[in-house]
Amino acid sequence: MLKRFFNFISSHQPSKQSNLPLVIPRDQHNISRKNISPAAIKIIKQLDDAGFKAYLVGGGVRDLLLGNHPKDFDVATSATPEEVKRIFRGARIIGRRFQIVHVRIGREIIEVTTFRGHHDEGPTTTRSDEGMLLRDNVYGSIETDAVRRDFSVNALYYTLKDFSVLDYCNGLEDLKQRTLRMIGDPATRYKEDPVRMLRAVRFAAKLGFKIEVNTAKPISEMSSLLANISEARLFEEVLKLFLSGSATATFHLMREYDLFKQLFPGSDAALKAGDSLGAALIEQSMINTDKRLRAEKTVTPAFIYAAILWPALQKEQQLLSAKIPPQAAYLQAAQNVISQQLTRTSIPKRFLIPMREIWDLQHRLPSRQGLRALRLLDHARFRAAYDFLLMREDSGEDLQGLGSWWTAFQKANDDEREQMVENLGKQNSSSKPRRRGPRKPKSDSISKTE
Ligand code: ATP
Ligand code: MG
């Protein structure tokens, strides 16, 4: 079926000048209603019954055409947010910059957006000095909506009227060529919304697409515009970048386009200064995250942040160790790294606290004497901290077998555990794990988060 659709598009190119879309009829593409969320179908039908135009658009259409499972479905309509709200009881208008409506049907939430107009036209458009769109709620038609979307492959519309796909921006050809192409002038579009640069690497990584040369060119140079985006929005983007199953590829592209620096300046500086262990640790955390998601296991932003900021923490700690005692250096470094990070991306407390605990436990896991090992085993964050420890070893840090000791300790019975702890006392101090950072800090003071 995919082949049929690709054959179709190679022989049907729309005229570049016209506002008319390329129309792919039902029998020439592979989108089947049974793969679309019933909630999205219901919303489109109801909008249609109420006399409005409504289409499935965005990632849903793109992913279905590629034969992938869409993560969510977006609807574009001629109805204004207020009109959408009147039709659906479970509707909530959200957003300021772009108003969108979340329509809840059963357990599903579908994003419904009103066709965008040309933003030069309306009194409701506000721009910053740098050309960034601050508020933009000018409505338009499907034609104006299409060119306001980011990438051509995200601007394909599916209609339930005759089940055809409408293409205004040559998106089908780009889909065929596996190319991510910004609609319009890339530099202008990045200025309007710098987050589009992050979206470019995210989609390229997730879809395995190449970024078209003119779309790619301005990114490194313009990446610093991300400083104008709110910490809260960037946190949301970080989650999408690293929790969508393609974290490893995304991380590589972010470094290539100097986007990593904008979001994580401390760690970027450490990596650029040659911290190969740190780079390997982040990479390993991305590989593990992707693997866990493939196995449908849970992943937490706390763990990812702990790994991404680890190189920054190590660097800061080393600097401070020259001036203050190791334990104080660690505590101060953690505080500094966190405060610097919060100026770039927010980290909600529910992730920040466990992240700190994972770090703190890295300093406590080496001291296992007496009842300490048993107590550590009971710590709510033990499992995450143990995984983090193994990851440090996997990425090349020499912790002198500390990971295997903890693996064995967890499997051992009471007698064996007692023996293991006793054996520790017999080892001479030279066999203790070498640390890059502080010597054993006092555990209790360290486990507190500020
Ligand atoms: P995903 O699979 O991550 O959901 P998506 O393409 O559906 O990918 P969304 O963030 O859900 O991405 O956005 C839906 C659609 O809205 C996009 O496909 C795109 O057409 C449009 N869009 C989203 N964000 C922007 C943006 N910053 N600038 C322009 N268009 C955007
Ligand atoms: Mg989407």
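Thr215 is buried, with a relative accessible area of 0%. This residue sits in helix α9, which covers residues 213–216. The model is predicted, so every value here is computed from it. The side chain of Thr215 makes a polar contact of 2.6 Å with the side chain of Glu212. Beyond its neighbours up to four places away in sequence, Thr215 touches Phe151, Leu180, Arg181, Met182, Pro186 and Tyr190.

**The chain as a whole**

The protein chain holds 24 helices and 12 strands. It has 450 residues, and 51% of them count as buried. Take the contacts between residues at least 6 apart in sequence: 68% of these join residues at least 24 apart. The exposed area of the chain is about 21100 Å². Carbon and sulfur atoms supply 50% of that area.

**Around ligand 1**

Which residues come nearest to ligand 1? They are Gly59, Arg62, Asp193, Arg196 and Lys206, out of 16 residues around the ligand. Side chains also place polar atoms by oxygen atoms of the ligand. Three such pairs are listed here.

| Side chain | Partner | Distance |
|---|---|---|
| Arg62 | oxygen atom of ligand 1 | 2.9 Å |
| Asp74 | oxygen atom of ligand 1 | 3.1 Å |
| Arg149 | oxygen atom of ligand 1 | 3.0 Å |

Taken alone, ligand 1 exposes 590 Å². The protein buries 87% of that area.

Arg149 deserves a separate look. It lies in the loop between α5 (142–148) and β9 (156–158). Is Arg149 buried or exposed? Its relative accessibility is 18%, so Arg149 counts as buried; the cut-off is under 20%. Leaving aside neighbours within four places in sequence, the contacts of Arg149 include Val57, Ala76, Thr113 and Asn154. Ala155, Tyr157, Ile183 and Arg189 are also among its contacts.

**Leu234 in α11**

Leu234 belongs to helix α11, residues 231–242. It is buried, at a relative accessible area of 2%. Which residues does Leu234 contact, leaving aside its neighbours within four places in sequence? They are Val195, Leu198, Leu226, Ile229, Leu263, Arg344 and Thr345. Leu234 and Ile347 are 113 residues apart along the chain. Their C-alpha atoms are separated by 9.9 Å.

**Helix α14 and its cover**

Helix α14 runs over residues 265–272 and is mostly covered. Of its 8 residues, 6 are buried. These are Pro265, Gly266, Ser267, Asp268, Ala270 and Leu271. What covers them includes α12 (247–256), α13 (259–263) and α15 (276–294). The cover also includes α16 (301–308), α17 (310–321) and α18. After α14 comes Gly274, with a positive phi near 100 degrees.

**Helix α18, one of the covering elements**

Helix α18 spans residues 326–342, which is 17 residues. At 1.5 Å a residue, α18 should span 24 Å. Its end C-alpha atoms are 24 Å apart, so the expected and modelled spans agree.

Which residues of α18 are buried? Ala329, Tyr330, Ala333, Ala334, Val337, Ile338 and Gln341 are. Seen down the axis of α18, these buried residues fall within an arc of 155 degrees, so they line one face of the helix. The spacing fits a general rule. An α-helix has 3.6 residues a turn, so residues three or four places apart point the same way.

**Two loop residues with positive phi**

Most residues other than glycine have a negative phi. Two residues here depart from that pattern.

Arg178 has a positive phi, near 50 degrees, and is not a glycine. It is found in the loop between α6 (171–176) and β11 (179–180). At 40% relative accessibility, Arg178 counts as partly exposed.

Gln400 is not a glycine either, yet its phi is positive, about 50 degrees. It lies in the loop between α21 (382–394) and α22 (402–411). Its relative accessibility is 35%, so Gln400 counts as partly exposed.

Conventions. Residues numbered from 1 in each chain as written. Chains lettered and ligands numbered in written order. Predicted model: local features only at pLDDT ≥ 70, side-chain atom pairs only at ≥ 80, totals over all residues. Heavy atoms only, no water. Helix = DSSP H or I, 4+ residues; strand = E, 2+ residues; numbered from the N terminus. Buried < 20%, exposed > 50% of the residue type's maximum accessible area, 1.4 Å probe, protein only. Polar contact = N/O pair within 3.5 Å; in protein donor to acceptor, adjacent residues only side chain to side chain. Contact = heavy atoms within 4.5 Å. Expected span 1.5 Å × (residues − 1). Arc of directions from axis to C-beta. Near = heavy atom within 4 Å. Areas by Shrake-Rupley, 256 points an atom, 1.4 Å probe, with all protein chains shown as cover.
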